[in-house]
Number of protein chains: 2
Amino acid sequence: MTQDTQLTTTSWIDISVPLYTNMVHWPGDPTVQIERVTDLDQGDVATLSKVSMSVHSGTHMDAPAHFLKGGASIDKMPIEATIGRARVIEIQDIESIKPEELERHNIRIAERILFKTKNSTRAWQSASFVKDFVYISQEAAQYLAKVQVQTVGIDYLSVGGFTKDGPETHHALLGAGIWVIEGLHLSQVQPGTYELVCLPLKMLGCEGAPARAILRPLVGTQKA
Amino acid sequence: MTQDTQLTTTSWIDISVPLYTNMVHWPGDPTVQIERVTDLDQGDVATLSKVSMSVHSGTHMDAPAHFLKGGASIDKMPIEATIGRARVIEIQDIESIKPEELERHNIRIAERILFKTKNSTRAWQSASFVKDFVYISQEAAQYLAKVQVQTVGIDYLSVGGFTKDGPETHHALLGAGIWVIEGLHLSQVQPGTYELVCLPLKMLGCEGAPARAILRPLVGTQKA
């Protein structure tokens, strides 16, 4: 967030998906399980729940350590990576994000970019995992790495594809020091410039963490 | 956050405790366990972790449903409850927070109040659970309920005491619609006025959730 940024009074838009037992997850990863340990309705003095899940469940972040040996863990992320001006870019391609489409958006160094793809109106509507979600092609990931954006977000469970460009896209982004937000819910968000707040849990030495993310429109003209 | 609030360029202060396996926890509650499911160092294509824990681990929030039948769950919290102007009040009493000490601070309706007690320099330093942490007495909780503050935070694992004023303090606060942040780490924070951002995970129907919380000083004079 920069000195010339002024807060608006516009309400926050929650761009996190809710976490619940057996929610959609990356195939093979540990599922989300939330169980009651004690329960007011069973006569206990309080209700208390236990959660068990992959740290890459729902809306979450990836740290370099996810795909890079010796890479930084999520607790090392500078808070500024996910708080401040961000741009929501709408992607037309129904297969993947490609450099040709990105070039039209004049993406600049240090930007926080959130991609709203067809996933927002399609993939999240399905209770089961959607394999052909729109992903960032490895060429587009290399483009973003070259531009040196600060943070990239996507509106389904991975920046990389299910059968293609999984490790390659992660390597290109995380290897360039770009912080990655996955599992965003952008169906209520129009393309444009926003104030982003995304806070991952402070999981010590971990390669990622579940996160809560919110947006609100910025008023006036701000510099990056 | 109000219209007259101006962002500063001061850095954020992280007031969350790190989450790690077997960290200090409320006696009897499920412990934090973070395990590697796959590991780059073992030849896997990526590192992936699974977490299991009480949702009241480390820095976290309590929703009314924690102690009130039919109370709101954490996913129903208005985001404004934990984003905006907040006041850090330093408590001198080494046993508990009492109304007499609160009265000196002119606490007003809708304030977000974070209590920095002796816990910040004592309880968090211990690897095992500290039973005689400074808590909010039920009388002080009733005082805060009467004032109608918006949000209350404390610098150890519960607003209520271990042997005294546990359910009573929770009932008084949560019953008044006050949102509760527990497990804050305030040792680096001086008393004063700050911009607070605290985001709990969006756990559907859950009585609480782990959270990340940060602060930064506000510049100038702001209205609540």
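**Figure 1. Asp165(A) is a buried loop residue.** In this predicted model, Asp165(A) has 23 C-beta neighbours inside 10 Å, so it counts as buried. The cut-off for buried is 20 or more. Asp165(A) sits in the loop between strand 9 and helix 3 of chain A. Its phi is near 60°, a positive value in a residue other than glycine. Most residues other than glycine have a negative phi.

**Figure 2. Gln148 takes a positive phi in chain A and in chain B.** In chain A, Gln148(A) comes just after helix 2, and its phi is about 65°. In chain B, Gln148(B) lies in the loop between helix 2 (138–147) and strand 9 (151–154). Gln148(B) is not a glycine, yet its phi is positive, about 65°. Is Gln148(B) buried or partly exposed? Gln148(B) has 14 C-beta neighbours inside 10 Å, so it counts as partly exposed.

**Figure 3. Helix 2 of chain A runs roughly parallel to helix 3 of chain A.** Helix 2 covers residues 138–147 of chain A, and helix 3 covers residues 166–175. Their axes come within 8 Å and cross at roughly 0°. Angles under 35 degrees count as roughly parallel, so the two helices of chain A are described that way. Which residues of helix 2 meet helix 3 in chain A? They are Gln138(A), Ala141(A), Gln142(A), Leu144(A) and Ala145(A). Across from them, helix 3 offers Glu168(A), Thr169(A), Ala172(A) and Leu173(A). By class, this contact has five nonpolar, three polar and one charged residues. A general point helps in reading the view. An α-helix has 3.6 residues a turn, so residues three or four places apart point the same way.

**Figure 4. Helix 2 of chain A has buried residues under a cover of several elements.** The buried residues are Gln138(A), Ala140(A), Ala141(A), Tyr143(A) and Leu144(A). What covers them includes two helices of chain A, helix 1 (99–103) and helix 3. The cover also includes strand 6 (96–97), strand 8 (135–136) and strand 9 (151–154) of chain A. Gln138(A), Ala141(A) and Leu144(A) are buried, and these residues also meet helix 3 of chain A.

**Figure 5. Chain A meets chain B through 48 residues from each chain.** Elements giving two or more residues on the side of chain A are strand 2 (33–38), strand 3 (48–54), strand 11 (192–200) and strand 12 (208–217). Strand 3 of chain A gives the most, with seven residues. By class, the side of chain A has 29 nonpolar, ten polar and nine charged residues. How do strand 3 of chain A and strand 3 of chain B run? They run antiparallel and are joined by five bridges. In one of these pairings, Val51(A) has Met53(B) as its bridge partner.

**Figure 6. A rotation of 180° superposes chain A on chain B.** The shift along the axis is 0.0 Å, and the RMSD is 0.0 Å. The two copies are thus related as by a two-fold rotation axis. In chain A, the C-alpha nearest the axis belongs to Ser52(A), 2.1 Å from it. The same surface serves both copies: 100% of the contact residues of chain A recur in chain B.

**Figure 7. Asp29(A) touches residues of chain A and chain B.** Asp29(A) is in the loop between strand 1 (13–14) and strand 2 of chain A. Asp29(A) is partly exposed, because 18 other C-beta atoms lie within 10 Å. Not counting residues up to four places away in sequence, Asp29(A) touches Ser54(A), His56(A) and Leu48(B). Ser57(A) is 28 residues from Asp29(A) in sequence, and their C-alpha atoms are 8.7 Å apart.

Definitions and conventions:
Residues are numbered from 1 along each chain as its sequence is written. Chains are lettered from A and ligands numbered from 1 in the order in which they are written. This is a predicted model: local features need pLDDT of at least 70, side-chain atom pairs count only at pLDDT 80 or more; totals for chains, interfaces and linings use all residues. Axes are lines fitted to C-alpha atoms, for helices over the stretch in contact, and angles run from 0 to 180 degrees between N-to-C directions. Helices (H or I, at least four residues) and strands (E, at least two) are DSSP runs, numbered from the N terminus. Angles under 35 degrees count as roughly parallel, over 145 as roughly antiparallel, 65 to 115 as roughly perpendicular and the rest as oblique. Two residues are in contact if their C-beta atoms, placed from the backbone, lie within 7 Å. Ala, Val, Leu, Ile, Met, Phe, Trp, Tyr, Cys and Pro count as nonpolar, Asp, Glu, Lys and Arg as charged, and the others, Gly among them, as polar. Two strands pair if DSSP finds at least two bridges between them. A residue is buried if 20 or more other C-beta atoms lie within 10 Å of its own, exposed if 12 or fewer, and partly exposed in between; C-beta atoms are placed from the backbone. Copies are superposed by least squares on the C-alpha atoms of residues with pLDDT of at least 70 in both.
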